[in-house]
Amino acid sequence: MVLTRTRVRLLKGAVWAAASWPLLQTGWRWFFGDRLGANPLEVMILGSGLSAVVLLIATLAVTPLRRVTGWNALQRLRRLLGLWAFAYATLHVTVYLALDQGWAWSYILEDVTERRFTIVGALAFVLLLPLAVTSTRGWVRRLGRRWVLLHRLVYPAAGLALLHYTWGQKADLRGPLIAAAVMALLFGVRFGVRRPGRRGPARTGSGGASPAAPVVGPRTLP
C-alpha cells in the first residue's frame, strides 16, 4: 500500500482522535457527574500515566513498523505520537504535584528521593523533557547529527516509564507484563531487522531508476 498525502493525513487524524480520547473521556466524567469513583485523583493519575506509557510504546513502534512494511511515511507519525506521550506525562506529573501533593515541595522532595517508584518516574520525565523541546525542525537543523544521538534518550526513558508503571501496580501485573512484552518485541525488531541496503539505482538502458525504489518517500509528503 502506498501512503499518499491523503492517507498520511487520515493516519494523523486517527492518531489525534485516539490519543485525545482518554483525556476527553476523563474530562467528560469529571465535569458531567461524579463518575470517577470514590478516588478521582487516583483515576486521573493512573489514567494519565498509562496513556503516557501506551503512547510512548506507540512512538517506539513507528520505526520497526516502517522497516517491516517499507512505508517510510509512517515516520511522520513519530513526532506526533511522541508529543502526545509527553503531554500525558506532563499531565501525570502536574496532577501529582498540584492535586496530590498540593505543591508542598518538602513532601515532594522527600517522596522523590526516598521512593524508588517515584525516582524512576521522575527520571523518565526528565529524559523526555529535552526530546520534547528539541522536536521542532529548527532544533533538528541546529543540532544536526547530535539530534539523533539526543533522541536516543527515548529508549531509557521508555524503560524507566515501564519500570515506574510496573512498580506502581500493587497486585495486577498483567498490564505491565503486556507492555514489557510489546516493548521487547519492538526492540527486537528495531535492532534485529536491518535496514534494506541501498545499492543505488539499477543501470538500465534508458538510465532510469531502479524499479524497487519507493514510489512515495518522506520528502514528497507534507
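Visitor: Leaving aside its neighbours within four places in sequence, which residues is His164 in contact with?

Guide: His164 touches His92, Phe117, Val120 and Gly121, where contact means heavy atoms within 4.5 Å. Please keep in mind that this is a predicted model, in which local features need pLDDT of at least 70, side-chain atom pairs count only at pLDDT 80 or more, and totals for chains, interfaces and linings use all residues. Residues are numbered from 1 along each chain as its sequence is written, and side-chain values use heavy atoms, with hydrogens and water left out.

Visitor: Why is His164 called buried or exposed?

Guide: Buried means under 20% relative accessible area, exposed over 50%, and partly exposed lies in between (1.4 Å probe, protein chains only). His164 has 16%, so it is buried. This residue sits in helix α8, residues 154-168; helices are DSSP runs of H or I with at least four residues, strands are E runs of at least two, and both are numbered from the N terminus.

Visitor: How many helices and strands does the protein chain have?

Guide: Nine helices and zero strands. Of its 222 residues, 32% count as buried.

Visitor: Is Leu74 buried or exposed, and how do you know?

Guide: Leu74 has 12% relative accessibility, so it counts as buried. You will find Leu74 in the loop between α2 (40-69) and α3 (78-100). Its C-alpha lies 9.7 Å from that of Lys12, although the two are 62 residues apart in sequence.

Visitor: What makes the patch of Arg79, Arg137, Arg141 and Arg142 positive?

Guide: Lys and Arg count as positive, Asp and Glu as negative, while His and the chain ends are not counted. These four arginines gather in a patch on the surface. Patch members have over 30% relative accessible area and no salt bridge; like charges are joined within 9 Å, nonpolar side chains (Val, Leu, Ile, Met, Phe, Trp, Tyr) within 5 Å. A salt bridge is a side-chain nitrogen of Lys or Arg within 4 Å of a carboxyl oxygen of Asp or Glu. Each charge is placed at NZ of Lys, CZ of Arg, CG of Asp or CD of Glu.

Visitor: Which helix gives the most to the positive patch?

Guide: Helix α6 (residues 137-143), with three residues. Arg142 is in this helix and has 54% relative accessibility, so it counts as exposed.

Visitor: Which residues form the nonpolar patch?

Guide: Trp28, Trp30, Phe31 and Phe32, with about 540 Å² of accessible area together (Shrake-Rupley method, 1.4 Å probe; for residues, only the protein chains shown count as cover). Phe31 belongs to helix α1, residues 5-31, and its 65% relative accessibility makes it exposed.
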